[in-house]
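Visitor: I have a chain open on my screen and would like to talk it through with you. Could you take me around it?

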Amino acid sequence: MRLLNFKSITLLSALTAVCLFGYFTSDRGSGSARSTQARAGQADVLAARQAKLIRAQARGTNIVVIDTAQFAEDPPSQSDDTLQDQSVEQLLETIESLTLESKPNEEIRDSKEFQQLLYLLTSDPLARKGLLERFMSVSGTPLGDALSLALAMSVVGRETPEVKAAATQLLRSGTAEQRLNALQMLGQVDGNDGNIRSAVLDILRNDADANPKLAAAAITALGRKGVVSQGDYQAMVDTIAPLMHSKDPQVRQASLQMLSQWADRDATALQTFTEAAYDADVGVRAAAVAALGQGGFDYQSVRDTLISALQNPGENPSVKVAAQQALQGFPLDEQALTIYQAYASESLNQQSGVGFN
């Protein structure tokens, strides 16, 4: 495959379709051509928003992906006054107790203590250095998982050679859990780091079959920002392409997401995405169908696959929405347009049936 410019992964968010139902229900009864066109247009908007959610879900791994744009605009503020005089060690005691209670990452991240820790880390480089040292001693444990997330969130937009060095060390010689912590700690760090890239590729070459969870996280890590050489791109593609045949659907899905961003729209990519559109896993199918509509492919080469997904009565709704969104990018022939509009109208009627009256 030839390669295009590298795109960064961001966490995509979408509004729920239910919020739009009440708006759509005002146009139900006329049955006229104008009404049908209006409904199809509204369905297109609905499909676009749903497709964003599908693509976000299709990227799912066990690594927390940080929305850097939102974080940069709204950095952690100094939280509860009762916490402001607490040291990092005192905050860590509370956070560790939460991890020992097996609290989920989301609850720990939303705690006042975690937010206050973020404030200290982003405002005090020495505090961040001390926490990094503590992380290295507890990596691979539940507390290490929490600390890797805190470090990832605290270094957004900063040059952090010490974080990269620590992550590289764990990626090269750590346990599987330590490597997962390292990948999370890297967060949205600039991906233009040869040592990190090399370590991640080694994980994929040597451990992908034995540890699918680690492999999926490693593939996602290769989506960081940064410009590398054509040769480096090719090495990444050559490593990831075989993983499209992994037994684990999470690995196949992550591989597809990366290839859909990097690969040129050539015959090899077309074959890869077309085959994936018939994968046994619904997440892989949805991601593949979306990739076929991202531009660059000839309409005739993807038409039958997209129409087939849209018409298949047994297909998952998420795949159908992805197919509808993909077809929006092409000048449809008369038959395809009829199928597209019929699905859009049917989908809109189904949504309106549970909307607001």
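Guide: We can begin with the chain as a whole and then go through some of its parts.

Visitor: What should I know about how the values were obtained?

Guide: This is a predicted model, in which local features need pLDDT of at least 70 and side-chain atom pairs count only at pLDDT 80 or more, whereas totals for chains, interfaces and linings use all residues. Residues are numbered from 1 along each chain as its sequence is written, and side-chain values use heavy atoms, with hydrogens and water left out.

Visitor: Okay, how many helices and strands are there?

Guide: The chain has 19 helices and zero strands, where helices (H or I, at least four residues) and strands (E, at least two) are DSSP runs numbered from the N terminus.

Visitor: And how much of the chain is buried?

Guide: Of the 357 residues in the chain, 50% are buried; buried means under 20% relative accessible area, exposed means over 50%, and partly exposed is in between, with a 1.4 Å probe and protein chains only. The chain exposes about 16800 Å², of which carbon and sulfur atoms supply 49%, by the Shrake-Rupley method with a 1.4 Å probe, where for residues only the protein chains shown count as cover.

Visitor: What share of the contacts join residues at least 24 apart?

Guide: That share is 72%, taken among contacts between residues at least 6 apart in sequence, with contact meaning heavy atoms within 4.5 Å.

Visitor: Which residues touch the most other members of the largest nonpolar core?

Guide: They are Leu117, Leu131, Leu171 and Leu204, in a core of 92 residues; a nonpolar core is a set of buried Ala, Val, Leu, Ile, Met, Phe, Trp, Tyr and Cys residues joined through side-chain atoms within 4.5 Å. Leaving aside neighbours within four places in sequence, leucine 117 is in contact with Val88, Leu91, Leu92, Ile95, Leu131 and Ala150.

Visitor: What about helix H6, does its length agree or disagree with the expected span?

Guide: It agrees, because the 12 residues of helix H6 (residues 112–123) should span 16 Å at 1.5 Å a residue, and the end C-alpha atoms are 17 Å apart; the expected span is 1.5 Å times one less than the number of residues. Among the buried residues of H6 are Glu113, Phe114 and Gln116, as well as Leu117.

Visitor: And H9, what does it pack against?

Guide: The buried residues of H9 pack against helix H7 (125–138), helix H10 (176–186) and helix H11 (194–207), and they are Val163, Lys164, Ala166, Ala167, Thr168, Leu170 and Leu171. Helix H9 (residues 161–173) has 13 residues that should span 18 Å, and its end C-alpha atoms are 18 Å apart, which agrees.

Visitor: Tell me about threonine 168 there, is it buried or exposed?

Guide: Threonine 168 is buried, with a relative accessible area of 15%, and, leaving aside neighbours within four places in sequence, threonine 168 is in contact with Asn195 and Ile196.

Visitor: Changing topic, where does arginine 265 lie?

Guide: Arginine 265 lies in the loop between helix H14 (249–262) and H15, and is buried, with a relative accessible area of 16%.

Visitor: What does its side chain meet?

Guide: The side chains of arginine 265 and glutamine 294 are joined by a polar contact of 3.0 Å, and a polar atom of the arginine 265 side chain also lies 3.0 Å from the backbone oxygen of serine 260. A polar contact is a pair of N or O atoms within 3.5 Å; within protein, one must be able to donate a hydrogen and the other to accept it, and residues adjacent in sequence count only if both atoms are side-chain atoms.

Visitor: How many aromatic pairs does a search find?

Guide: A search of the whole structure finds two aromatic pairs, given that rings of Phe, Tyr and Trp (its six-membered ring) pair if their centres lie within 6.5 Å, with planes under 30 degrees apart counted as stacked, over 60 as edge-to-face and the rest as tilted. The rings of phenylalanine 273 and phenylalanine 297 have centres 6.0 Å apart and planes at 85°, so that pair is edge-to-face. Both phenylalanine 273 and phenylalanine 297 are buried. The rings of tyrosine 299 and phenylalanine 330 have centres 5.6 Å apart and planes at 40°, so that pair is tilted.

Visitor: One last thing, what is odd about serine 102?

Guide: Serine 102 has a positive phi of about 60° although it is not a glycine, and lies in the loop between helix H4 (88–100) and helix H5 (105–110).
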